[in-house]
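Have the model open in your viewer, with both chains shown as cartoons. The tour starts with a sheet and ends at the contact between the chains.

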Number of protein chains: 2
Amino acid sequence: MKDFIFHSPTKIIFGRGRNREIGRELAKDGISRVLMVYGMGSIKRNGVYDEVTGSLKESGIEFRELSGIKPNPVLSKVYEGIKMGKEMDAQAVLGVGGGSVIDSAKAIAAGIPYDGDVWDFYSGKNPEKSLPIYAILTISATGSEMNGNSVITKEETMEKRGMHGGVISTPRVSIIDPSVQFSLPKEQTVYGAIDAITHVAEFYFNGSKELNFPDRLCESLIRTIMDSVDILLKNPEDYHARAELAWSATMALNGMTAVGRGRGDWASHQIEHALSALYDIAHGAGLAIVLPAWLEYTMDVNEDKIIQLGERVFGVKERAPKVIEMLRETYRKWGAPVYLSDAGIPASDIEKIAENKSIRYPTGYAKKLYKEDVVEILRIASGER
Amino acid sequence: MKDFIFHSPTKIIFGRGRNREIGRELAKDGISRVLMVYGMGSIKRNGVYDEVTGSLKESGIEFRELSGIKPNPVLSKVYEGIKMGKEMDAQAVLGVGGGSVIDSAKAIAAGIPYDGDVWDFYSGKNPEKSLPIYAILTISATGSEMNGNSVITKEETMEKRGMHGGVISTPRVSIIDPSVQFSLPKEQTVYGAIDAITHVAEFYFNGSKELNFPDRLCESLIRTIMDSVDILLKNPEDYHARAELAWSATMALNGMTAVGRGRGDWASHQIEHALSALYDIAHGAGLAIVLPAWLEYTMDVNEDKIIQLGERVFGVKERAPKVIEMLRETYRKWGAPVYLSDAGIPASDIEKIAENKSIRYPTGYAKKLYKEDVVEILRIASGER
């Protein structure tokens, strides 16, 4: 096991109807003015907006609202939030939504006490302070509710970049009510799950060897996520499956899967960012295409681990290519694309994708990849090789 | 999955030679005067004392030392620490040792800012404040390095009681260097491991049904602990096995195994506390005797789970009694007692043990137990039934 620092201080409040506790949590922390950030209005349809604003009012918390955060959240919206937060002298930022909303809340919270341009924190500088961040999670996928990461896109240059604020940008309290996800469209459940599986995979397949508990943890998460999706595709209102999926997605990227391994690989994520920068494709859909192709290409470093995944997650003793095919089969069964052509992306675009600046060469950790490697991975992903 | 709150804010610093970082961690938190608490001097033999005091001096941290904390730590020593801490106006308490030392550090840290008798917190009252607690772990067993629990014995009445201070009594930073455990006597490694396995079991066998990830997490921990002990009995200086065991023991009682289950059972622990109150027996040795007997007696509520443990941990499809026997075989192989007679405790003492006030009736959560139930469990533990 490699050395590590694990520090995941978020207080997670988990269960049905718990969103109503947010006002009390803020009040307990001495917060009386909060900037509330949310998305395109689904929280008004599923009742979460009423629960949260009702709770804030009950606890006497003054709040202003910034709505309209979109998937692949943009910097201009972050600037708008920083301006609002400064005007109202906000003491905290509350994100109510999925990863895009919580990521935006983190950016705004880091930007308010900072005199420079918040984009600095997405260009390599680490924030030294931040307003406290609170989150109400409405879709399980990114794990943003229990880590310090945030991904924001700068529109002018279409750069999609990350801030890694560590503890400073980690939500102080996150509330997860799995039942608010009953009404999610099927694709969002599936793509959220694939995102979470890929987060686990970025660590599991980072080239680490001879790990006992850390491997079993990852396998337990992947198995649980797969079982949960199978149940939810039949019954989207199965509370227990929603809860298992939600907690597993949180655990997938709260630092626990990194323990003893060193850093994650992240090449698959970067390659996917190039796809979603260029095409109208959901992040989880892009990952369903990229991860299996990346596994095929990097098989020399991960072969044993892929076989182990086959044994412990799929319950079969098979060679690595067969296990990768089983992963594709799983994603296909869920209705996700597994080849570029499934998503209408032509193989003739491969060069262009590999040249997109979302990929910073050399990428990857298990195996260092250059442009020609990514071209090969995309060729595998095209299904033509 | 049941509702839960998970909040485990300890910063864990894990790896070889990391004890030297303690001074910097304290300084970073603005602490310049600390009360250092340790045990019977093993830290002077294994080099930890020099590492820690060297680091404190280097960072300019003023410190006083309270040594002589014994296994089953006592209240009189805690009072001594509180007095020292008040005299020196300590800003934090640093425990350097195993569970007894860290538990004592928690008691002292809660007692210093409190005007009343610290025993109040071991009699049902929760502390409202505490000095910050820091820990350097030297034996993996109790999990005290990442939770808010503390068990102290009041000598006059031989009461062994717990404080559950939650986040307030949870170490702010804990450093775990698995290599300092190379020199532990074999029995301490084994009994620490059995303590950790039993912590997992208290939750795994709490009567919870239909859990996916939470069960797999527990099974992964038990499997890893068992594998690690097998390796360490052959080579006590196997760093990776020490590290896997250390992290698993921490994870066994940091709140993670409780997620989705409600409270732990804890009957086995209470029965064991009666044993170690009356006889000179190590906690882990007592648990090796009690847990299998408790499992046999409560089989009606845990049968499916025991069979599942057999499949997923021992890799066999067997009936529950056979799986319990495999657990006993494992402990026996490690040199632990599995029946009262192995520890020289006569069956004629059963009534007396069941009447010891360490057991607060009714005890248990999976199954509520009264004195006559505990008598039956002890009869099973005597090997005579």
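Start with the open sheet of seven strands, in this predicted model. Its order is 4(A)-3(A)-5(A)-6(A)-9(A)-2(A)-1(B), and the pairing is mixed. Select the edges next: strand 4 (62–66) of chain A and strand 1 of chain B, each pairing on one side only. From one strand to the next, the twist averages 15 degrees.

Now go to strand 3 (residues 33–38) and strand 5 (residues 92–97), both of chain A. They pair in the parallel sense, over five bridges. Pick A:Tyr38 and look across to strand 5 of chain A: A:Val96 stands opposite.

Add helix 4 (residues 75–88) of chain A, which packs on the sheet. Helix 4 touches strand 3, strand 4 and strand 5 of chain A. Its direction makes about 160 degrees with that of strand 3 of chain A.

Move to where the sheet passes between chains. Select strand 2 (residues 11–14) of chain A and strand 1 of chain B: three bridges join them, in the antiparallel sense. Click A:Phe14; its bridge partner in strand 1 of chain B is B:Phe4.

Finally, show the whole contact: 30 residues from chain B and 30 residues from chain A. On the chain B side, select strand 1 (4–6), strand 2 (11–14), helix 7 (213–234) and helix 8 (239–251); each supplies at least two residues. Which element of chain B gives the most to the side that touches chain A? Helix 7 does, with eight residues. Color that side of chain B by class to find 14 nonpolar, eight polar and eight charged residues.

Definitions and conventions:
Residues numbered from 1 in each chain as written. Chains lettered and ligands numbered in written order. Predicted model: local features only at pLDDT ≥ 70, side-chain atom pairs only at ≥ 80, totals over all residues. Contact = placed C-beta atoms within 7 Å. Helix = DSSP H or I, 4+ residues; strand = E, 2+ residues; numbered from the N terminus. Nonpolar A, V, L, I, M, F, W, Y, C, P; charged D, E, K, R; others polar. Pairing = 2+ DSSP bridges. Axes fitted to C-alpha atoms, helices over the stretch in contact; angles between N-to-C directions.
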